[in-house]
Amino acid sequence: MEETTPSGAKPVPKSRAVWIAVAVIVVIIVVVLAAVLGGLFTPATQAKPALRIGTLLSITGALSQYGPGDTQGAYLAVHEINKAGGVLGQPIQLFTEDDQTDSTAAAAATTKLITQNHVNAIVGAQFSGGTIASIGIAKAAGVPMVSPSATWPALSNLTLTGGYFFRTAPSDALQGVVAANYLYTNLSFRYINLIGRDDSYGRGLVGVINTKFTSLGGHVNTTVIINPKATTFQTDIQTLFSTNPQAVYFAGFPGEGLILMSQWQAGLSSNSGWNRPWFFSEGLDSQAFMDQLRGSSVNVDVTKIRGTSPVSPFGAIHDAWVVQFKAANNGLVPVLYSDYTYDAVYLIALAATKAKSVDGTAIQANLRAVSGGSGSGGTVIKPGQWALALTTLNATGGTVNWEGAAGSENFDANGDVRGSYEVWGVNSTFQIVRLAFFPESSISAPPLTFASQAFALVSSGFVQKVQSALISRRD
């Protein structure tokens, strides 16, 4: 039976219908091909993961006069880098933890940074004891640590660190030598005594001073090691001065330092033999600590105190960085190691950019190269020049050489840097000032030999190379 059509309608010829269908199919194919070729259906290139950095500094504890200011150095570096393009196209993510100047707390914070925050690198710990407690955890996870202030000489030992520890501040193998030489050669002391906190930092630094001072012909009759958590140091002070030293060197932190110096001052009037010059390590190089010591409750004459510290060299780079830091922190003056912390962040970011990866092992493998320590040269990158760093490292075969706020931080094979030192004192307005400056070139050190503890030597021209500078270095 023939199918009928609606009234007035004419059936479409079969040949025409076929051609219409073919035309529709062709149009669909053309549209799909254009979309594919145009990338509509091509998956977008997956974004690189963000670089995650953890800071492990002493927000509380015996070094709390440094940790908050040093953390601001890290924030400044992150802000500059992110503003100029970030790392691998992503902003750096910063996670802050408090090592509490306590080894147990430092280890726990390191574990948290790695297992919960999934950081790729850590800036810290603030102190040597915290670093010793943490480096094994970080090494096992493939996370490099770059400390701005852990100075124990044995942290140069690759057997301990596995190559996952770097520091932007020089080892106390050098500070101890500078201190011994200044006491013996510049001030002509022949009999000194030493006092240090009972940890790797205190024992390590007074050990280096003892060895070097004795080798010069001087005598260390008494070395007192104190419990930094003690509340009284009367017996320790009696022992320290019992052998009538010409001067005393104290390797400690403000936490125990305030108690010890208060008790020394309280007993000074009845113990004339205690009235000897004090020399402090860089752990006590704090304006806030000097202000505490001269307060009415303690009343120490701080103008008689001198000390040693690693220090940024004079120069336009550091001066410009200080201006940047103060502008970013409402006029806050950078504390000791703020610049070294800033530099640590930049070095980690440079290493990740060079590696084109935020993997911790890749960062570790490139830290020495971007620092300039491998001797490969490269474009000099200064503080705030992240855009130049990106342009250089993104070019084929591009290499960089970081010249930081704290100076030339060229990592050697042990993750160590060289550095300049100063002798500091307190002027008549109770401000810390630089009394003498020892450039890096005046301090020579052979490779570390842990078995013999032959940590460092100072050149014969040490005294002549001292650059006297009675100026403020607290800009």
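**Figure 1. Contacts across the whole protein chain.** In the protein chain, 70% of the contacts with a separation of 6 or more come from residues 24 or more positions apart; a contact here means heavy atoms within 4.5 Å. What you're looking at is a predicted model, so local features need pLDDT of at least 70 and side-chain atom pairs count only at pLDDT 80 or more, while totals for chains, interfaces and linings use all residues. Residues are numbered from 1 along each chain as its sequence is written, and side-chain values use heavy atoms, with hydrogens and water left out. The protein chain holds 14 helices and 16 strands, taken as DSSP runs numbered from the N terminus (helices: H or I, at least four residues; strands: E, at least two). Of its 475 residues, 52% count as buried; buried means under 20% relative accessible area, exposed means over 50%, and partly exposed is in between (1.4 Å probe, protein chains only). The accessible surface adds up to about 20000 Å², and carbon and sulfur atoms own 57% of that (Shrake-Rupley method, 1.4 Å probe; for residues, only the protein chains shown count as cover).

**Figure 2. Strand β8 and its two partners, β6 and β9.** Zoom in on β8, residues 247-251, and you'll find five of its five residues buried. In a regular strand, side chains alternate between the two faces of the sheet. Here Ala-247, Tyr-249 and Ala-251 point one way, Val-248 and Phe-250 point the other way, and all are buried. Strand β6 (residues 191-197) runs parallel to β8, with five bridges between them; strands are said to pair if DSSP finds at least two bridges between them. One of these matches puts Ile-195 with Phe-250 of β8. Strand β9 (residues 278-280) is also parallel to β8, joined by three bridges, and Phe-279 in β9 sits opposite Tyr-249.

**Figure 3. A three-strand open sheet, β11-β12-β13.** The strands come in that order, and the pairing is mixed. Strands β11 (379-381) and β13 (407-408) are the edges, each pairing on one side only. Between β11 and β12 (residues 400-404) there are three bridges in the parallel sense. To find your bearings, look for Thr-379, whose bridge partner in β12 is Val-400.

**Figure 4. The largest cavity and its lining.** How many cavities of 30 Å³ or more does the count give? It comes to one. A cavity is a set of points on a 1 Å grid, over the protein atoms alone, where a 1.4 Å probe fits but cannot get out. Grid points are joined across faces, edges and corners, and a volume is the space filled by probe spheres set on the points. The largest cavity has about 120 Å³ of space. It is lined by 13 residues, and the closest to its centre are Leu-63, Gln-126, Ser-149, Glu-282 and Tyr-337; lining residues have an atom within 4 Å of a point. The lining splits into seven nonpolar, five polar and one charged. For that split, Ala, Val, Leu, Ile, Met, Phe, Trp, Tyr, Cys and Pro count as nonpolar, Asp, Glu, Lys and Arg as charged, and the others, Gly among them, as polar.

**Figure 5. Backbone oddities in three loops.** A cis peptide bond links Gly-124 to Ala-125, with omega at about 0 degrees. Ala-125 belongs to the loop between β3 (121-124) and α4 (128-141). Next up is Asn-330, which isn't a glycine but has a positive phi, near 55 degrees. Asn-330 sits in the loop between α11 (316-328) and α12 (338-355), and is it buried or exposed? Asn-330 is exposed, because its relative accessible area is 80%. Lys-356, likewise not a glycine, has a positive phi of about 55 degrees. Its loop runs between α12 and α13 (360-371), and at 44% relative accessibility Lys-356 counts as partly exposed.

**Figure 6. Two residue pairs separated along the chain.** Ala-266 is part of helix α9 (residues 254-267), and with a relative accessible area of 60% it is exposed. Its C-alpha atom is 9.0 Å from that of Asn-299, 33 residues apart along the chain. For the second pair, look at Ile-432 in strand β15 (residues 432-438). Ile-432 counts as buried because its relative accessibility is 0%. The C-alpha atoms of Ile-432 and Thr-303 are 9.1 Å apart, with these positions 129 residues apart along the chain.

How values were computed: 1 Å grid on protein atoms, 1.4 Å probe; cavity = no way out; pocket = protein on both sides within 12 Å on 5 of 7 lines; lining within 4 Å.
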